[in-house]
Structures are given as C-alpha cells and as structure tokens.
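Let's walk through this fold together, starting with the whole chain and then zooming in on a few spots. Keep the 3D view open as you read.

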Amino acid sequence: NATNCVNDVSGMSQWRLYFNGSVAYNLTGTGSVNLFDFGGQNSWILSDASANQTINFPINFNDGGARTSWITARNTGSYTFNGNLGTGGNITGLRVANNNAASSVSINTLSGSKTLIIGRDNLDANQANTRVTLTGNSSGGYSGAVFVHAGTLFVNGSTAASSAVSVSAGNGATLAGSGTIGGSVALSGTVSPGGTASTTANLTTGGFTFNGSSAYRIEMNDA
C-alpha cells in the first residue's frame, strides 16, 4: 500500500480525481478539496483501479453549471470517504455507482441539499452491482432526497427527517442497513434490514410506503 500525505489541501480546486492501477492510496491532509466543472464537463471522482482508495479529507462538489456530479468505481477497487462529501454549487445531484460486484463505496457523512442518486452512472446506465454504505451521522448537515435506482444502499449511520428515500423497482434496487433514516421511505424495490447475507439488524425509518412491486427480504433458518 502507498500513502500520499497532503499537508494542507485548503483551497485546492480540481476538475476530477482519477485513480488507476494497483496502488492503494490513503490520502490525508487538512482543509478540503473543491471539485468543479471544466469546459462544460461534470466534476467526477473516478476509479479504474484494482486497489482500494481511502480519502480522509472533505470534498465539495461545486460545479457552476446545472449538472450532476459523479462518483464511479469501474474496477475491483473500492472507495472509502472518511471526510464529508459536500453537495454544493449548482449541481443537480450526486450520482454514485460501481460496475464491479467486488467493489463498493463507503461514505462517512454528506452535507448540502442536492439529490443523492445511487446506482446510476455517468452514462445514465443503471449498475446493479452498486453497493454504497452511509456510515456516519448526516442528520445535521444533509437534507437532500435519496434515490436508489440500482444496487444496494446500506444506511448504517443516520439521515435527517427532511431527507426522503425512494427505492425504484428492478436492477436489484435495495435498501438495507442497521441505521436510522429520519425521513420517509417510498419502496418499489426491496428492503432488507441488516448487512450482507446471514446478518440481521434493525433499520429504523420514518413513514414507510410499500408500493405494488415492493418486497421485504427475510431469512429463515430450519427449526
């Protein structure tokens, strides 16, 4: 593993962060990084790497144009965002997707009010292999709506009452986890409290609507 330590990232502005190859980076530093659009192109954190990447400082998506920003993992390498992800500027939403079943995305906290879009990538394709976990307490800083179009969203932390969650039908769209969703949930896909297979947990939510195509996943053992 390789560690890249940045002493101070305050005021650092970039268009995109890109990872490739087999080196695992653990990026640390004080301050935060601002991502912006360039020449009409979306701000993007992209990994084609086979190794896992860890980012420990806050990142703010601050595009000037009205467009989505993207977090995409296209290989077996996973992301861990230990710093806050800010949804600011004029972005219309933050899309998070991974193409490979071996990879995943872990997000500590979110802030802002822009929509979080799970499972839909930069090409508008739904990625059923997406696995995104919210681990921290975003109830005080994030008020945006959450849409699960494909794959699984694990809520192991907490979200605000103003942050409603919608889960689409098809493409493996699933809501899981052991945390607290403060807002309402509209389910057309699957709800599966807990983590991976053979685990059980309490997933606490606000008002819950089971639509016609929804499913509640349970596991039963032989008596």
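What follows goes from the overall shape to the sheet, then to the core and two threonines.

First, a reminder that this is a predicted model. If you go looking for helices, you won't find any: the protein chain has 0 helices and 26 strands. Its C-alpha atoms fill a box of roughly 55 × 35 × 30 Å along the principal axes. The radius of gyration is 17 Å, and since a compact globule with 223 residues would come out near 17 Å, the two agree. Of those 223 residues, 47% count as buried. As for how the chain contacts itself, take the contacts between residues at least 6 apart in sequence: 58% of them join residues at least 24 apart.

Now for the strands. Nine of them, in the order 3-6-9-12-15-17-20-23-25, form an open sheet with parallel pairing. Strand 3 and strand 25 (208–210) stand at the edges with a single partner strand each, so one side of each has no neighbour in the sheet. From one strand to the next, the twist averages 10 degrees.

Start at the strand 3 edge. Strand 3 covers residues 16–19, with Leu17 and Phe19 on its covered face and Arg16 and Tyr18 on the uncovered one. Its pairing with strand 6 (residues 44–47) is parallel and runs over 4 bridges. Here you can spot Arg16 standing opposite Trp44 in strand 6. Further along the sheet, strand 20 (residues 165–167) and strand 23 (residues 185–187) also pair in the parallel sense, over 3 bridges. Look for Ser166, whose bridge partner in strand 23 is Ala186.

What about the inside? In soluble globular proteins, nonpolar side chains tend to be buried together. In this model the largest nonpolar core has 40 residues, and Ile45, Ile59 and Phe81 are those with the most contacts inside it. Phe81 makes a good place to centre your view: leaving out residues up to four places away in sequence, Phe81 touches Ile45, Ile55, Ile59, Ile71, Val105, Ser106, Ile107 and Asn108.

Two of those names, Val105 and Ser106, come up again around Thr133, together with Ile107. Thr133 is found in strand 16 (residues 131–134). Is Thr133 buried or exposed? Its relative accessibility is 18%, and buried means under 20%, so Thr133 counts as buried. Setting aside neighbours within four places in sequence, Thr133 also contacts Phe154 and Asn156. Strand 16 pairs with two strands that are worth tracing. With strand 13 (residues 105–107) it runs parallel, joined by 3 bridges, and Thr133 is the bridge partner of Ser106. With strand 18 (residues 152–155) the pairing is parallel over 4 bridges, and there Leu134 has Val155 as its bridge partner.

Finally, compare that with another threonine. Where does Thr76 sit? Thr76 is in the loop between strand 9 (68–73) and strand 10 (79–81). With 30% relative accessibility, Thr76 counts as partly exposed. Beyond its neighbours within four places in sequence, Thr76 is in contact with Ala49, Ser50, Asn52, Asn100, Ala102 and Ser103. Zoom in on Ser50: its backbone oxygen lies 3.3 Å from a polar atom of the Thr76 side chain. Ile59, by contrast, is 17 residues from Thr76 along the chain, and their C-alpha atoms are separated by 23 Å.

Note on methods. Residues numbered from 1 in each chain as written. Predicted model: local features only at pLDDT ≥ 70, side-chain atom pairs only at ≥ 80, totals over all residues. Heavy atoms only, no water. Buried < 20%, exposed > 50% of the residue type's maximum accessible area, 1.4 Å probe, protein only. Pairing = 2+ DSSP bridges. Axes fitted to C-alpha atoms, helices over the stretch in contact; angles between N-to-C directions. Contact = heavy atoms within 4.5 Å. Polar contact = N/O pair within 3.5 Å; in protein donor to acceptor, adjacent residues only side chain to side chain. Core = buried A, V, L, I, M, F, W, Y, C linked by side-chain atoms within 4.5 Å. Rg over C-alpha atoms; globule rule 2.2 N^0.38 Å.
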